[in-house]
Amino acid sequence: MAKNIGLIKFTGKLGDLSARETKYGNIISTPGGFKGDRIKTEERYEVTRQLGTEFGRCSKISSQIYATLQFYLQTIPHLHMYGFIQSLVTNVKGCDMTSPKGERTFAIGLQNELGQKLLKGFSFNQKQRLKSVLMHHYEVAIEEGILTLPAFDSRRIYFPKSADKLGLQLVLMRLDSEKPLCTIETSVLALVGKNDERATIILESPIPEGEGNLLALVYFGFFTETEGDVYFLRHPKNVLEVVDFL
């Protein structure tokens, strides 16, 4: 590619030359460009093909998670939620230290301690963690599908002016990363008012059937009520977080 500084200038094609006007002046180049077939066949692009295979698998897993949790995710302000989930899945896959490139998987990455640290405590709200908004101790018995919040005191919770109540829910998600496929079961939605008396909250959920990992997530979200109908707010204090997994 070259900049034409001569007296004769043109745009379009002239023989083997192609010219166009840009903010940098009249630019001349020769035909060329990258051909996708080279990635599929040339040996030097083997690593690119391997990474592409892994990326494709991660994209399918991310799409399943995103679609399955959409009800909750739409209440959390985030411009690039899908990309945020994709980053988590890709990073966990990268913790697979035993498989060769092109064959690394999310499931094996999750067997690694580093992968486990990435998933447990992962908040879908990039700017808030559950402990920063919940302000209470909780206990999770994932095998039994039970979440317990002893002596929950709503007066310790920050309520936005537009919120009538806080909703708390236990979400159990079965993630089969090989198919990939996600299924969920949930507890009832515990409704907490601003000045409710202190009480122990116990949330119980059925265990989703199927293969793969079992994830326990806690949803913390504010909502308003109008004539008996509940409307969840899209609010920066809403959190959905992975609190345990098997």
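1. In this note a helix is a DSSP run of H or I with at least four residues, a strand is a run of E with at least two, and both are numbered from the N terminus. The model is predicted.

2. Start with M135. This residue sits in the loop between α7 (130-134) and β5 (139-141). Its phi is near 60°, a positive value in a residue other than glycine. Is M135 buried, exposed or partly exposed? The relative accessible area is 39%, so M135 is partly exposed, since that class lies between under 20% for buried and over 50% for exposed.

3. A151 also has positive phi. The value is about 45°, and A151 is not a glycine. This residue belongs to a strand, β6 (residues 146-152). With a relative accessible area of 36%, A151 is partly exposed.

4. One peptide bond deserves a look. K179 and P180 are joined in cis, with omega about -15°. P180 lies in the loop between β7 and β8 (181-186).

5. Now the interior. The largest nonpolar core has 28 residues. Which of them touch the most other members? They are I65, L69, F124, L215, L217 and L240. Helices α2 (46-68), α3 (70-73) and α4 (81-93) each supply at least two residues of this core, and so do strands β7 (165-176), β11 (213-226) and β13 (239-245). The largest share, six residues, comes from α4. A second core stands apart from this one; it has 26 residues, including F159, A163, L168 and V192. In soluble globular proteins, nonpolar side chains tend to be buried together.

6. F124 is worth following through the core. Neighbours within four places in sequence are left aside here. The contacts of F124 then include I65, L69 and L73, and further on I76, H78, M81, F84 and I85. L217, L240 and V242 are also in contact with F124.

7. Helix α4 can be checked for length. Its 13 residues should span 18 Å at 1.5 Å a residue, and the end C-alpha atoms are 19 Å apart, which agrees. The expected span is 1.5 Å times one less than the number of residues. Which residues of α4 are buried? They are M81, F84, I85, Q86, L88, V89, V92 and K93. Q86 and K93 are thus buried in this helix as well. An α-helix has 3.6 residues a turn, so residues three or four places apart point the same way.

8. Empty space inside is next. How many cavities of 30 Å³ or more does the structure hold? There is one. The largest cavity holds about 50 Å³ of space. I65, L88, F106, L119, F124, M173, L175, L215 and V242 line the largest cavity. This lining counts nine nonpolar residues, no polar and no charged. Three of the names here, I65, F124 and L215, are also among the core members that touch the most others.

9. Last, the largest pocket. The volume is about 150 Å³. The lining has 14 residues, and R57, I61, T105, S177 and E178 lie nearest the centre. Helices α2 and α5 (106-109) each give at least two lining residues. The largest share, five residues, comes from α2. How does the pocket lining divide by residue class? Five residues are nonpolar, two polar and seven charged. The cavity lining, in contrast, has no charged residues.

Note on methods
Residues are numbered from 1 along each chain as its sequence is written. This is a predicted model: local features need pLDDT of at least 70, side-chain atom pairs count only at pLDDT 80 or more; totals for chains, interfaces and linings use all residues. Side-chain values use heavy atoms; hydrogens and water are left out. A nonpolar core is a set of buried Ala, Val, Leu, Ile, Met, Phe, Trp, Tyr and Cys residues joined through side-chain atoms within 4.5 Å. Buried means under 20% relative accessible area, exposed over 50%, partly exposed in between (1.4 Å probe, protein chains only). Contact means heavy atoms within 4.5 Å. On a 1 Å grid over the protein atoms alone, a cavity is a set of points where a 1.4 Å probe fits but cannot get out, and a pocket is an open set with protein on both sides within 12 Å along at least five of seven lines; lining residues have an atom within 4 Å of a point. Grid points are joined across faces, edges and corners, and a volume is the space filled by probe spheres set on the points. Ala, Val, Leu, Ile, Met, Phe, Trp, Tyr, Cys and Pro count as nonpolar, Asp, Glu, Lys and Arg as charged, and the others, Gly among them, as polar.
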